[in-house]
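Please open the model in your viewer and keep the sequence beside it, so that you can select residues as the tour moves along. Each stop names what to select and then says what is there.

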Amino acid sequence: MARVVVDVMPKQEILDPQGQAVANALPRLGFEGIAEVRQGKRFELEVADDVDDEQLAKIAETLLANPVIEDWTVRRVDS
């Protein structure tokens with residue numbers, strides 16, 4: 001079995017209201033110097049060794065991310 005991580009983030013040109021809410025809250029909580037926050041999603045999958053990168057990309061694009069407004073990356077990590 002292999003562990004795969006899929007990171008999904010809003011595209012840069014897409015407004016990120018959740019990230020803006022976090023960025024606005026940080027100074028009120030005493031954290032200074034943060035210029036921007038973007039909030040995304042992280043998926044961890046345990047997959048069979050014979051699942052190839054093309055199939056993982058298809059899973060990310062069709063189920064885990066909305067390719068119209070989100071970018072995604074797939075990477076294999078050590079278990």
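Begin by selecting Ala-2 together with Val-47, since Val-47 in E2 is the bridge partner of Ala-2. As you look, keep in mind that this is a predicted model.

Now widen the selection to the whole of strand E1, residues 2-10, and add E2, with which E1 pairs in the antiparallel sense over 7 bridges. As a general point, the strands of a sheet pair through backbone hydrogen bonds, and this pairing may be either parallel or antiparallel.

Which order do the strands take in the open sheet? Colour the 3 strands separately and you can follow the order E2-E1-E3, with antiparallel pairing. E2 and E3 are the edge strands, each of them pairing on one side only. If you turn the view, look for the twist, which averages 20° from one strand to the next.

Next, select helix H2, residues 53-64, which lies across E1, E2 and E3 and runs at about 145° to E3. Within H2, pick Leu-56 and show its surroundings: leaving aside neighbours within four places in sequence, Leu-56 is in contact with Val-4, Val-47, Val-51, Val-74 and Arg-76.

Leu-56 also belongs to the largest nonpolar core, which has 11 residues in all, including Ala-2, Val-4, Val-6, Val-8 and Leu-64. E1, E2 and H2 each supply at least two residues of this core, and the largest share, 4 residues, comes from E1.

For the next stop, go to Glu-70, which is found in strand E3, residues 70-77. Is Glu-70 buried or exposed? Its relative accessibility is 14%, and because buried means under 20%, Glu-70 counts as buried. Show the side chains of Glu-70 and Lys-41, and you will find a polar contact of 3.3 Å joining them. A polar atom of the Glu-70 side chain also lies 2.7 Å from the backbone nitrogen of Asn-66. Not counting residues up to four places away in sequence, Glu-70 touches several others, among them Val-8, Met-9, Pro-10 and Leu-64.

Finally, select Ala-35, in the loop between helix H1 (17-28) and strand E2 (41-47). Here the relative accessible area is 79%, and since exposed means over 50%, Ala-35 is exposed. To finish, draw a line between the C-alpha atoms of Ala-35 and Asn-24, which are separated by 9.7 Å although the two residues stand 11 residues apart along the chain.

Terms used
Residues are numbered from 1 along each chain as its sequence is written. This is a predicted model: local features need pLDDT of at least 70, side-chain atom pairs count only at pLDDT 80 or more; totals for chains, interfaces and linings use all residues. Side-chain values use heavy atoms; hydrogens and water are left out. Buried means under 20% relative accessible area, exposed over 50%, partly exposed in between (1.4 Å probe, protein chains only). A polar contact is a pair of N or O atoms within 3.5 Å; within protein, one must be able to donate a hydrogen and the other to accept it, and residues adjacent in sequence count only if both atoms are side-chain atoms. Contact means heavy atoms within 4.5 Å. Two strands pair if DSSP finds at least two bridges between them. Axes are lines fitted to C-alpha atoms, for helices over the stretch in contact, and angles run from 0 to 180 degrees between N-to-C directions. A nonpolar core is a set of buried Ala, Val, Leu, Ile, Met, Phe, Trp, Tyr and Cys residues joined through side-chain atoms within 4.5 Å.
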